[in-house]
Amino acid sequence: TGSTRPQRLLRAVQKKATQGDPQSVIATIDHFCRHSEWAMNVGDEKGSILDSVVTELNPSSALELGTYCGYSTVRIARLLPPGSKLITLEFNPAYAAVARQVIAWAGLNDKVQLVEGPSGDLIPQMKELFGVQTFDFVFLDHWKDRYLPDTKLLEECGLLRKGTVLLADNVICPGTPEYLEYIRNSSRYESRYFKSHLEYTKVEDGLEKSVFLG
Ligand SMILES: O=C(NC/C=C/[C@H]1OC[C@H](O)[C@@H]1O)c1cc([N+](=O)[O-])cc(O)c1O
Ligand SMILES: [Mg+2]
């Protein structure tokens, strides 16, 4: 039994990226995905949009749904101010194991808490388990049919506040039609679509940025 793609991605990071240097971890993963093996990281083009949203918001508490190999975890955490925290949820133990090592290589362990398990079970436990009041920022990048139920769960659990920003990956490809329908028609959100491309390809994709109005 050989290695998996996430394991090969991790090996590239440990071989080529500088420890403690998030930018070199990001560049190494992007190079690996462009020149060796495509992988479902948000990528450099959509990643720049993610960076600008995070930088503008400067969140103290952030949530990521769908860690995968930790690429967007590193992108977000490297921009967070001291004392802030990014909680990232990953269902797949093999992905989580790789992501922990990518995050550690980037030197971002003090800003990131990776939690393994189904988002639908973990979201209602955020307050009691992690002392979270509300999130300033949420990045949705997990199973596309979980975006809508998990958004409704975040509302019901009182984890969103007036001004919380939700940023959703893949709203065109693979697509999240039910989520887009809900969020764009809800009077409780102000949404904007950022047109881009599916990571490392010329296929159209984009990010939907939605501000919760309370
Ligand atoms: O399924 C995608 N993401 C959800 C990942 C789902 C799996 O990883 C996290 C979760 O535990 C599950 O095992 C995805 C798929 C494509 N794609 O082109 O197929 C592109 C992307 O950016 C994506 O986030
Ligand atoms: Mg994605």
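Begin by selecting Glu-90 together with ligand 1: an N or O atom in the side chain of Glu-90 is 2.4 Å from an oxygen atom of ligand 1, a polar contact in the sense of a pair of N or O atoms within 3.5 Å. This is a predicted model, in which local features need pLDDT of at least 70 and side-chain atom pairs count only at pLDDT 80 or more, while totals for chains, interfaces and linings use all residues. Residues are numbered from 1 along each chain as its sequence is written, ligands are numbered from 1 in the order in which they are written, and side-chain values use heavy atoms, with hydrogens and water left out.

Next, add Glu-199, which places a polar side-chain atom 2.5 Å from an oxygen atom of ligand 1, and then Asp-141, where the corresponding distance is 2.8 Å.

Now move to the magnesium ion (ligand 2), which Asp-141 (OD), Asp-169 (OD) and Asn-170 (OD1) coordinate at 2.0 to 2.2 Å; donors here are N, O and S atoms within 2.8 Å of the metal (3.2 Å for Na, K and Ca). Along the chain, these donors follow the spacing D-x27-D-N.

Finally, select Asp-169 and Asn-170, and ask whether they are buried or exposed. Both Asp-169 and Asn-170 are buried, that is, under 20% relative accessible area with a 1.4 Å probe and protein chains only.

Notes. Buried < 20%, exposed > 50% of the residue type's maximum accessible area, 1.4 Å probe, protein only. Polar contact = N/O pair within 3.5 Å; in protein donor to acceptor, adjacent residues only side chain to side chain.
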